[in-house]
Amino acid sequence: QVQLVESGGGLVQAGGSLRLSCLASGTSVSGRSMAWHRRAPGKQRELVAAIRIIGATNYADSVKGRFTISRDNAKNTLYLQLNGLKPEDTAVYYCSAGRYYGSNSYSWDYWGQGTQVTVSI
């Protein structure tokens, strides 16, 4: 049984930083494409950052240069470092595990329960 458990969310002032973690069990973070998504109030869920098995990454334009996705294979944990946070980054952040089909196309098989990030002015 695959489980993804996020942690690290919280309340932070604009310009601050957080690091989100996603502990995986029942699957290997190095054996699947992994990603972080977010859903802001009243908006659709969006892909924030993804990392493929080979280590290639891609980011939403809105977070490029501020967020960094990484993984620790020994800890079987996915991370998202959030720097330079803005109020518009306020959302529930979810990690996912899935597959890459090429041309920046993914499918996501497993999801975590989410962790809230709130950025105040």
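Buried means under 20% relative accessible area, exposed means over 50%, and partly exposed lies in between, with a 1.4 Å probe and protein chains only. The model treated here is predicted, so that local features need pLDDT of at least 70 and side-chain atom pairs count only at pLDDT 80 or more, while totals for chains, interfaces and linings use all residues. Residues are numbered from 1 along each chain as its sequence is written, and side-chain values use heavy atoms, with hydrogens and water left out.

**Exercise 1. Salt bridges**

Task: State how many salt bridges the structure has, and determine which residues are joined with D89 into one network.

Solution. Step 1: A salt bridge is a side-chain nitrogen of Lys or Arg within 4 Å of a carboxyl oxygen of Asp or Glu, and by this rule the count comes to six.

Step 2: One of them joins the side chains of K64 and D61, at 3.1 Å from N to O; D61 counts as exposed because its relative accessibility is 66%.

Step 3: D89 meets R38 in a salt bridge of 2.9 Å, N to O. This pair links distant parts of the chain, for D89 is in the loop between β8 and β9 whereas R38 is in strand β4, 51 residues apart; strands are DSSP runs of E with at least two residues, numbered from the N terminus. D89 is buried, with a relative accessible area of 1%, and R38 is buried as well, at 6%.

Step 4: D89 also meets R66 in a salt bridge, here at 2.7 Å from N to O. The two residues are 23 apart and again link distant parts of the chain, with R66 in the loop between β6 (57–59) and β7; R66 counts as buried because its relative accessibility is 13%. Salt bridges that share partners join R38, E46, R66 and D89 into one network.

**Exercise 2. An acidic side chain without a salt bridge**

Task: E6 is buried yet has no salt bridge; find which backbone nitrogens lie 2.9 Å from a polar atom of its side chain.

Solution. Step 1: E6 lies in strand β1, residues 3–7. The nearest side chain of opposite charge is that of R45, 9.7 Å away, where Lys and Arg count as positive and Asp and Glu as negative, and His and the chain ends are not counted.

Step 2: The backbone nitrogen of Q113 lies 2.9 Å from a polar atom of the E6 side chain, and the backbone nitrogen of G114 lies 2.9 Å from a polar atom of that side chain.

Step 3: Contact means heavy atoms within 4.5 Å. Not counting residues up to four places away in sequence, E6 touches a set of residues including W36, C95, Q113 and G114.

**Exercise 3. Two residues of one loop**

Task: Describe the surroundings of T90 and of N83.

Solution. Step 1: T90 is found in the loop between β8 (77–82) and β9 (91–102), and is buried, with a relative accessible area of 19%.

Step 2: The side chain of T90 reaches the backbone oxygen of P87 at 2.9 Å, while the backbone nitrogen of V119 lies 2.9 Å from a polar atom of the T90 side chain. Beyond four places in sequence, T90 touches A40, P41, Q116, V117, T118 and V119.

Step 3: N83 lies in the loop between β8 and β9 and is partly exposed, with a relative accessible area of 31%. Its C-alpha atom is separated by 4.5 Å from that of S17, although the two residues are 66 apart along the chain.

Step 4: The side chains of N83 and S17 make a polar contact of 2.9 Å; such a contact is a pair of N or O atoms within 3.5 Å in which, within protein, one must be able to donate a hydrogen and the other to accept it, and residues adjacent in sequence count only if both atoms are side-chain atoms. Leaving aside neighbours within four places in sequence, N83 is in contact with G16, S17, R66 and F67.

**Exercise 4. Aromatic pairs**

Task: Classify the ring pairs that link Y100, Y106 and W108 into a cluster.

Solution. Step 1: Rings of Phe, Tyr and Trp (its six-membered ring) pair if their centres lie within 6.5 Å, and planes under 30 degrees apart count as stacked, over 60 as edge-to-face and the rest as tilted. The structure holds two aromatic pairs.

Step 2: Y100 and Y106 form a tilted pair, 4.9 Å centre to centre with 55° between the planes. Y106 and W108 form a stacked pair, 5.0 Å centre to centre with 15° between the planes.

Step 3: Y100 counts as partly exposed because its relative accessibility is 27%, whereas both Y106 and W108 are buried.

Definitions and conventions. Helices (H or I, at least four residues) and strands (E, at least two) are DSSP runs, numbered from the N terminus.
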